[in-house]
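Colleague: I would like to go through this structure with you. I will ask how each label was earned, and you give me the reasoning.

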Amino acid sequence: MNRYFALALTALIALSAHAQIPCEDGSAGGYPCFGLDLLSVRTVEELGGGQNGNDCWGWVDPNSGREFVLFGRSNGLSIVDVTDPVNPLYLADVPTATVQSLWRDVKVYDNHAFVVSEAAGHGIQVVDLSEVPGITAGPVEITPVASYLGFGNAHNIVMNEASGYAYGVGTNTAGGGLHAVDVSDPTSPVAAGTYDGAYSHDAQVVMYQGPDADYAGKEIAVCFNGSNGVAIVDVTDKTDMQLVSQFGYTQSAYTHQGWLSVGHDFVYFNDELDEQSFGNGTRTYIADVSDLDNPVVMGFYESLNTAIDHNMYVRGDKIYASNYLSGLRVSKIGPDGNITPLAYFDTNPESDAPSFDGTWSNYPYFPSGNIAISGFTHLFMVADPNYVPTEVAEVPVELTENLSVHPNPAQGWVTLSGMPSANRVRVLNAVGQEVRAWGRVPGLQGLTLDLAGLGEGVFLVQAETE
């Protein structure tokens with residue numbers, strides 16, 4: 001059976017180099033799917049080799065509109081033209097600055113790629129992307145136009161294109177905290193400051209445009225800090241970056257990565273080790289950050305899948321989450337902040353085990369709507385034609401006075417159903433005293449609320465709609 005499947009998959013992958021394969025009857029080219037078509041797939045060996053693939057990002061040539069994937073490998077960076085996503089072209093290679101590493105990450109600013117790695121002494125490689133569209137036959141080896149050696153290794157690089165600052169995270173400086181670099185002149189990156197409040201595994205930095213007027217227009221970092229949960233840091237002054245707030249959550253094992261909603265009022269994030277540590281399904285946590293000084297973890301959406309989550313990004317009203325052995329999972333963000341499953345493309349149909357293999361990241365921001373999915377062994381291109389789901393569509397719920405909770409008795413958390421939303425949810429003890437409360441509660445269909453610390457007893461959950 002395994003041999004037959006492998007042969008069939010090889011044949012279908014070869015076919016995908018010539019034609020888009022629609023997702024029909026739950027499959028595209030042998031890959032389980034729903035709502036996402038397979039455009040192409042390439043192996044790491046076809047894109048420069050190395051021991052593994054890892055992160056990806058994207059770049060659009062401002063002159064021609066051509067789309068390119070920047071695909072990290074253990075031994076370098078591949079630049080792939082995906083303007084014709086069915087027939088991607090491997091045009092350029094940027095070899096690692098030092099040695100191979102499992103980790104390589106890249107972001108883009110002002111038509112330059114900024115590449116970091118966990119490889120010792122690597123620093124930031126700055127690559128001028130404007131020369132890539134002129135390559136007619138690849139792959140061509142590209143030499144970086146600049147480098148930054150204010151740190152050596154880095155787990156990731158965070159870019160705020162609105163401010164012209166890059167942030168190394170998980171570096172060998174500042175205890176692994178934020179390391180700010182002025183890249184307003186990409187060819188001359190300059191150290192700007194560090195924040196050593198905690199090791200940051202990943203982060204998102206934005207010019208804040210959310211509802212908290214105290215921070216309007218300031219540069220804010222939301223940091224995902226491994227065993228230390230989530231921290232919000234004001235990084236406006238690079239020489240004096242200040243902690244705004246920090247928070248954790250029940251069954252926290254290793255806070256990995258996340259992304260703000262478009263309105264900067266919610267942050268969606270994941271935990272890379274809770275599936276292994278606690279036997280959880282793949283969870284997406286939801287935190288209300290409309291008051292940056294007082295963030296509140298609303299709860300989480302938990303799928304029936306057991307794969308470990310990795311990188312997720314928000315585009316508009318959708319979350320694009322790469323989960324190791326279950327591939328790309330797309331969710332819809334409702335107007336109240338809650339999320340519901342929308343589409344998926346499973347890059348590793350052989351298993352959904354909580355293991356570190358399969359997909360790594362995705363890039364959902366191409367103007368075409370096509371999505372790049374990077375992994376340990378392959379780079380996929382899939383199509384998201386603004387799919388309107390039928391099987392997993394949001395089902396309208398009639399508003400009633402009844403609220404269902406399960407499990408009951410609760411085991412530290414409870415999942416709500418029976419109502420579309422609420423202005424406030426309260427937990428009352430046996431004598432009617434309020435012991436826990438949440439405001440601005442997202443849709444009450446599948447949202448799980450944290451009840452840790454209440455102890456044993458009988459409690460009443462009350463939802464208020466006015």
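Modeller: Start with the second largest cavity, in what is a predicted model. Its lining consists of Y208, I220, V222, I232, L260, H264, V289 and L292. About 30 Å³ of space lies inside.

Colleague: What makes this space a cavity?

Modeller: A 1.4 Å probe fits there but cannot get out, so the space is called a cavity. The search of the whole structure finds two cavities of 30 Å³ or more.

Colleague: How many residues of each class are in the lining of this second largest cavity?

Modeller: Seven are nonpolar, one is polar, and none is charged.

Colleague: How do you know where empty space is left?

Modeller: A probe the size of a water molecule is rolled over the atoms, and that shows the empty space.

Colleague: Now the largest pocket. How much space lies in it?

Modeller: About 650 Å³. The lining counts 32 residues, and M159, E161, Q204, V205 and W259 lie nearest the centre.

Colleague: Which elements give two or more residues to that lining?

Modeller: They are β4 (53-60), β8 (104-109), β13 (156-160), β17 (202-207), β21 (255-260) and β25 (309-315). The most comes from β17, with six residues.

Colleague: What classes do the lining residues of the largest pocket belong to?

Modeller: There are 18 nonpolar, nine polar and five charged residues.

Colleague: Stay with β17. Why is it described as largely enclosed by the rest of the structure?

Modeller: Buried means under 20% relative accessible area. Five of the six residues of β17 are buried, so the strand is largely enclosed.

Colleague: Which strands share a sheet with β17?

Modeller: The order is β17-β18-β19-β20, an open sheet of four strands with antiparallel pairing.

Colleague: Why do β17 and β20 count as edges?

Modeller: Each has a single partner strand, so one side of β17 and one side of β20 (242-247) have no neighbour in the sheet. On average, neighbouring strands here are turned by 20° against each other, direction ignored.

Colleague: How do you know that β17 and β18 pair?

Modeller: Pairing needs at least two bridges. β17 and β18 have six, in the antiparallel sense. M207 stands opposite E219 in β18.

Colleague: What about β18 and β19, how many bridges do they have?

Modeller: Five, so strand β18 (residues 219-224) and strand β19 (residues 230-234) pass the cut-off of at least two. Their pairing is antiparallel. C223 stands opposite A231 in β19.

Colleague: Why is C223 called buried?

Modeller: The relative accessibility of C223 is 1%. The cut-off is under 20%, so C223 counts as buried.

Colleague: And C56, why is that residue called buried?

Modeller: C56 has 0% relative accessibility, so it is under the cut-off too.

Colleague: Take the other open sheet of four strands. What is its order?

Modeller: β8-β9-β10-β12, with antiparallel pairing. The edge strands are β8 and β12 (146-148), since each pairs on one side only. Neighbouring strands of this sheet are turned by 25° against each other on average, direction ignored.

Colleague: How do you know that β8 and β9 pair?

Modeller: Six bridges link β8 and strand β9 (residues 112-117), in the antiparallel sense. At least two are needed, so the two strands pair. In β9, H112 is the bridge partner of Y109.

Colleague: What makes C23 and C33 a disulfide?

Modeller: The cut-off is a sulfur pair within 2.5 Å. From S to S, C23 and C33 are 2.1 Å apart, so they form a disulfide. The structure holds one disulfide.

Colleague: What does that disulfide tie together?

Modeller: C23 lies in the loop between α1 (2-15) and β1 (27-28), and C33 lies in strand β2 (residues 31-34), so the tied parts are ten residues apart in sequence.

Colleague: Why is this disulfide called right-handed?

Modeller: Because the torsion about the S-S bond of C23 and C33 is about 105°. C33 also counts as buried, at 1% relative accessibility.

Colleague: Last one. Where is N429, and why is it called buried?

Modeller: N429 sits in the loop between β34 (422-428) and β35 (434-441). Its relative accessible area is 18%, which is under 20%, so N429 is buried. N429 and V458 are 29 residues apart in sequence, and 6.4 Å apart in space from C-alpha to C-alpha.

Terms used:
Residues are numbered from 1 along each chain as its sequence is written. This is a predicted model: local features need pLDDT of at least 70, side-chain atom pairs count only at pLDDT 80 or more; totals for chains, interfaces and linings use all residues. Side-chain values use heavy atoms; hydrogens and water are left out. On a 1 Å grid over the protein atoms alone, a cavity is a set of points where a 1.4 Å probe fits but cannot get out, and a pocket is an open set with protein on both sides within 12 Å along at least five of seven lines; lining residues have an atom within 4 Å of a point. Grid points are joined across faces, edges and corners, and a volume is the space filled by probe spheres set on the points. Ala, Val, Leu, Ile, Met, Phe, Trp, Tyr, Cys and Pro count as nonpolar, Asp, Glu, Lys and Arg as charged, and the others, Gly among them, as polar. Axes are lines fitted to C-alpha atoms, for helices over the stretch in contact, and angles run from 0 to 180 degrees between N-to-C directions. Buried means under 20% relative accessible area, exposed over 50%, partly exposed in between (1.4 Å probe, protein chains only).
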